[in-house]
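Hi everyone, thanks for coming. I'd like to walk you through a structure today, so please have it open in front of you.

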Amino acid sequence: HIYNLVSSQIPPTTSIYQALIPSSISVFRSSKQMATANEVIKQGYLFKQGGSYRSWKKRHFVLKGSTLSYYNAPNERPKGEIDLKTGRGVRPKSKCTLEWPSAAKANLCFGVATDSRTYYVYGTDKTDVAEWTSAIQKVIKKEGKPDTDHKSDPEGKPEGIASKAVKGSVKLAAKITKIVAKNSGLVDDQTADIISGVADAAENQAEADRDATISDRLKMGGADAAGMVGDNVDDDAVRVVAKVAQEQFEADDDTTVEQRLLLAGGTAMQESSELVDDQIGSAAVNTAGRVLHDQGEADSDTNVEQRVLIATGSVVGGVADEVDNDIVTEVNEVVQEALNDGVEELKDEEEDEEEEDEVEIK
């Protein structure tokens, strides 16, 4: 009965199979396209340059659809996303205008150019990097805005003559100001130091990357101001606060709240240790501050075992700083090297385990 009912709705020249199969294929193709959009094309670790202070951080990258996301570690919230629909192309090292770290060899690094920014990354394995560049380029070619003119990339444009002239004038004026303030005798030493600090701040602004945002420049100015206050104000409490503020301004954009708290606490304790009259108490406060600070400088994905080794190194180093003895200094250097090697071995083991897990999943 059902067969007859369906057959009655099909033209006489079309079989029931011809009528049903195309629609099944259409549904299959639609579901396949949806799966492709959510499919992870490639993932793994690369080193990426930050947007503000240009430091290099190890990030876990995931290429899914037309989005390239990067994380501190897998299964965490993304630190950022690169929309490859605005992508212009993948640039080799020779087409990128920046100074790469020594580890970034020619066949290990590349830039991902978009309409708004060029992201600079490098890897450690030639085959892996080649797979990354090929996969990203394919997505840009299919869904982005491919353009081979690298000179028009953001952060890739040559600096204009006017911009160079302004920067040169500011730097020259800053140097002259410092010389006059220090040697003219027109102002007292403290005022001369403050004037020199302002000149240094102006020079730092002139030397900043030309693509630095207003936010970047405000952070630089805040750090310079805090440093100047800490160096020239004769008040211990103000000095401690200024040092903490300066470090917070200089911290990378992706520094977590937990890391900032550890850094602030560590710096405050180390700076305050000089105010403790008792030598043993001062050493204890300074060492405790060093432990906190070193924990704050560790990557957010550092595990407990690694943190224990880092803390041990902090304590040993703090004790060695307080003991004026050549033998203790040499022992400290050996211990620090051994502990650093231990941390690196734990990281390598963790990465090997992650790679094994990925292989098992595949």
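**Salt bridges and surface patches**

Let's start with a charged pair: D147 and R88 make a salt bridge, and their closest N and O atoms sit 3.5 Å apart. It's a link between distant parts of the chain, with D147 in the loop between α3 (126-143) and α4, and R88 in strand β5 (residues 87-92), 59 residues apart. Before I go on, keep in mind that this is a predicted model.

So how exposed are the two partners? D147 is partly exposed, at 31% relative accessible area, while R88 is buried, at 10%.

Now stay on R88, please. The side chain of R88 also meets that of D153 in a salt bridge, at 2.6 Å from N to O. D153 is in the loop between α3 and α4 and R88 is in strand β5, so this pair ties together parts that are 65 residues apart in sequence. Is D153 buried or exposed? D153 is buried, with a relative accessible area of just 2%.

Next, go over to the helices. R239 and E271 form a salt bridge too, with 2.8 Å between the closest N and O atoms. Here the link runs from helix α7, where R239 is, to helix α8, where E271 is, and the two are 32 residues apart. R239 counts as buried, at 15% relative accessibility.

Back to R88 for a second, to put it in context. Which residues are joined into one network by salt bridges that share partners? They are R88, R91, D147 and D153. And how many salt bridges does the structure hold? Ten.

There's one more side-chain pair I'd like you to find. K42 is in strand β1 (residues 40-49), and its side chain has a polar contact of 2.9 Å with the side chain of E131. As for cover, K42 counts as buried, with 13% relative accessibility.

OK, out to the surface. What makes up the negative patch? The residues are E305, E337, D341, E344, E345, D348 and E349. Helix α11 (residues 326-361) gives the largest share of that patch, six residues. E305, on the other hand, lies in helix α10 (residues 304-322). E305 is exposed, at 51% relative accessible area. The cut-off for calling a residue exposed is over 50%, so E305 at 51% makes the cut.

There's a nonpolar surface patch as well. L172, I176 and V180 make this one, and it covers about 270 Å². Look at I176, which is found in helix α4 (residues 161-183). I176 is partly exposed, with a relative accessible area of 46%. Patch residues need over 30% relative accessible area, so I176 at 46% passes on that count.

Now a backbone point, for anyone who likes Ramachandran plots. Find N75, in the loop between β3 (67-71) and β4 (80-83). Its phi is near 70°, a positive value in a residue other than glycine. Why point that out? Because most residues other than glycine have a negative phi. N75 is also exposed, with a relative accessible area of 84%.

Last stop: two loop residues and their partners across the sequence. T255 is in the loop between α7 (236-250) and α8 (257-272), and T255 counts as buried, at 17% relative accessibility. How far is T255 from G296 in sequence and in space? They are 41 residues apart in sequence, and 9.1 Å apart from C-alpha to C-alpha.

The other one is D299, in the loop between α9 (279-297) and α10. D299 counts as partly exposed, at 34% relative accessibility. D299 and K58 are 241 residues apart in sequence, yet their C-alpha atoms are 9.1 Å apart in space.

To wrap up, if you look at one thing again later, go for R88: R88 is buried, pairs with D147 and with D153, and belongs to the network that also includes R91. Then turn to the surface and compare the negative patch, with its six residues from helix α11, and the nonpolar one made by L172, I176 and V180. That's it from me, thanks for listening.

Methods
Residues are numbered from 1 along each chain as its sequence is written. This is a predicted model: local features need pLDDT of at least 70, side-chain atom pairs count only at pLDDT 80 or more; totals for chains, interfaces and linings use all residues. Side-chain values use heavy atoms; hydrogens and water are left out. Patches are made of residues with over 30% relative accessible area and no salt bridge: like charges are joined within 9 Å, nonpolar side chains (Val, Leu, Ile, Met, Phe, Trp, Tyr) within 5 Å. Accessible areas come from the Shrake-Rupley method with a 1.4 Å probe; for residues, only the protein chains shown count as cover. A salt bridge is a side-chain nitrogen of Lys or Arg within 4 Å of a carboxyl oxygen of Asp or Glu. Helices (H or I, at least four residues) and strands (E, at least two) are DSSP runs, numbered from the N terminus. Buried means under 20% relative accessible area, exposed over 50%, partly exposed in between (1.4 Å probe, protein chains only). Lys and Arg count as positive and Asp and Glu as negative; His and the chain ends are not counted. The place of a charge is taken as NZ of Lys, CZ of Arg, CG of Asp or CD of Glu. A polar contact is a pair of N or O atoms within 3.5 Å; within protein, one must be able to donate a hydrogen and the other to accept it, and residues adjacent in sequence count only if both atoms are side-chain atoms.
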